[in-house]
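Student: I am new to this structure and would be grateful for a close look at a single part of it. Please choose one region and explain how its pieces fit together.

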Amino acid sequence: MDREPETDPIIDLIPAMVWSAASDGLLDFANQHFLEFIGAPLEEISGVGFYKLFHPDDTSHLASEWHDIMASKKAREVVGRLRRADGQYRWCTLRQKPRLDADGNVVRWYGVVLDIEDRKQAENALKETKTALAASEENLSLIINSLPVLVWSARPDGSADFVNQSWLDYAGRPADQILEWGFLDLYHPDDLPGMVDIWKRDLEHSDQTALKGRIRGADGNYRWFYFSGRKLIDANGVVRWFGCNIDIEDLQSAENALRESAAALRESEHKLNLIINTIPAMAWSCTSDGRLEYFNQNLIDYVGLPVDEIVGFGFYQMFHPDDVEPMRVAWDDMVASKKSRPVDARIRRADGQYRWFNLRQNPLLDSDGNVVRWYGVVVDIEDRKRAEESLRQSQSDLAHVTRMTATGELAVSIAHEVNQPLMAIVTNAGTCLRWLQPGHTDIDQARLAAERIVKDGHRAGDIIASIRAMAQKSPARMEQTDLKGALGDVLDLLRGELHHRDIELGLDLPKGPLELIGDRTQLQQVVLNLVMNSAEAMDASSSERRISIRCTKDGEPFVKVSVSDSGRGIPPGEFDRVFDAFYSTKADGIGMGLSICRSIVEAHGGRIWASAADSQAGTVFTFTLPMTEVTADHDR
């Protein structure tokens, strides 16, 4: 008698998921292996509960397939995804077979479920690989045909067996006219022999080739190409050559142009070198940090020093020992500030003599304002220096003459100023003698008279010393000077003259000394000239006759001195001209006084100018001078 398979314990031991269903297709049995796989009891999956085991995307398809199978009563394998006990879906194949009665009606359905996840993944991977391979081949073909180079392959004997679309487009011919040895017809006749020789040589003795030649295009014009190829051997030992021809027409033209430009540049450099080495100046260049890197032949010949000794910072040894430190300070300042300024210094000639030179330089800046290189020249100014020295000496002589002239004009006033202390000395001496006579002796009164004699003697001596200093011809001496004291001395000489001219003198001086570096006598001459000019400007004036001298600190650390008068004034537009040499607003003037004043003030690092007085009558002459700290910096 037949036993139902689901009652046989062997069914549970089969390593496959076995099931059975009634004739209506509803599941009523699953073996233990099936239940363990899905992790659910039979009660949950029997009947229509079987469908909830499938992936939602497969349920509709599998239900339709199952109904078709039941209607046809014929077995058919169906594939779908079943949920495993861990919740993962795995591909499985469902196989079934009906048991029919004598009339051909289905009594029961029996089937197995086999896990084919690994096979499915392998099939999918193979499919993806084939798809990717096909796409890769298509992409490769597209790439090769789209490359802007002429791609080719050749057999071991050198004949072509493939050319890409770019080759066909360039040549304007079908492939059969280029393959085999047809490509040789497109090479330039002048290039063909050499190209064939190189190709044959590399085929026999090398695994790569490289050459240049011209190929005729569809338009009939030849263009330069660079040929590059390599020999490859596949796994079956088949030898083929693969390569490409790159259009280098523009590059070849550029190379030719570059070659011509290089030749022109060499010629230009040669000419520039000749110019630089023959100009009557010593040309040089420095790095951005101030190191000497280039100098022309004139400089080399002049200093007579080995080149390796003056490059870098060795160039300082060319200068006079007294000029080295000032040059170093000035050059370091220019490098740091990126601003140039001319500098004078003495340079030793090859024979050991020193001559004055003017060093001028300019920085080459990049787009960010950084110094790329310094360029400069060294120009011999020895003759100019001597001329300047001669001019200074002439100006000094002229200033001395001017002082002597002014002193002569003040002779009467000076004599009066000297006579006053001398008469006082005589009077006090008689008084002293009277208090020393017998019977009238008074030692205290005699002592007071003697002290007055000493005081008046010093006063007379100071006046004479001032006159002597004004009259003395001596070189300028830049030393610490109290401007306030110098003003007082020169005004002492002028008081008598101003009183004689009936001119009132107003003074506005600050408390304490005004120290600066300068030549005391020259500064006194400036004040003397300005005051005498103002006095002469008021000779024909009937109004108030007054000269005001005001001295202030004009913004530390400068001092400003102004001399104003109530004279006839200077015509508008001539305030700057009055300081020109030989220009004068006076009929008998020689026009040198104010010119000398300007030279003296500028030599002391200051400036001088003229302007109209606030009262609209008269003129104000003003000059400024740097005080000790600024002057010291200026000299350094």
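**A strand and its sheet**

Tutor: Ser-285 counts as buried because its relative accessibility is 4%; buried means under 20% relative accessible area, exposed means over 50%, and partly exposed covers the range in between, with a 1.4 Å probe and protein chains only. The model is a predicted one, in which local features need pLDDT of at least 70 and side-chain atom pairs count only at pLDDT 80 or more, while totals for chains, interfaces and linings use all residues. Residues are numbered from 1 along each chain as its sequence is written, and side-chain values use heavy atoms, with hydrogens and water left out.

Ser-285 belongs to strand S11. Helices (H or I, at least four residues) and strands (E, at least two) are DSSP runs numbered from the N terminus. Apart from residues up to four places away in sequence, Ser-285 touches Arg-291, Leu-292, Glu-293, Tyr-294, Arg-373, Trp-374 and Tyr-375, a contact being heavy atoms within 4.5 Å.

One of these partners, Tyr-375, lies in strand S15, which covers residues 371-380. Tyr-375 is partly exposed, because its relative accessibility is 41%. Together with Leu-364 and Val-372, Tyr-375 makes a nonpolar surface patch of about 250 Å². Such patches consist of residues with over 30% relative accessible area and no salt bridge, where nonpolar side chains (Val, Leu, Ile, Met, Phe, Trp, Tyr) are joined within 5 Å and like charges within 9 Å. A salt bridge here is a side-chain nitrogen of Lys or Arg within 4 Å of a carboxyl oxygen of Asp or Glu. Accessible areas come from the Shrake-Rupley method with a 1.4 Å probe, and for residues only the protein chains shown count as cover.

How are the strands arranged around this point? Five strands form an open sheet in the order S12-S11-S15-S14-S13, with antiparallel pairing. Strand S12 (292-295) and strand S13 (343-348) stand at the edges with a single partner strand each, so one side of each has no neighbour in the sheet. On average, neighbouring strands of this sheet are turned by 30° against each other, direction ignored. Two strands are said to pair if DSSP finds at least two bridges between them. Strands of a sheet pair through backbone hydrogen bonds, in either a parallel or an antiparallel manner.

At one edge, S13 pairs with strand S14 (residues 354-365) in the antiparallel sense over 6 bridges. Ile-347 stands opposite Arg-355 in S14. Helix H11 (residues 321-337) packs on the sheet and touches strand S11 (282-287), S13, S14 and S15. The direction of H11 makes about 135° with that of S13; axes are lines fitted to C-alpha atoms, for helices over the stretch in contact, and angles run from 0 to 180 degrees between N-to-C directions. Strand S11, which holds Ser-285, is thus among the strands in contact with H11.

To place this part within its setting, the protein has 18 helices and 22 strands in its secondary structure. Of its 636 residues, 37% are buried. Among contacts with a separation of 6 or more, 51% join residues 24 or more positions apart. The protein exposes about 36200 Å², of which carbon and sulfur atoms supply 54%.
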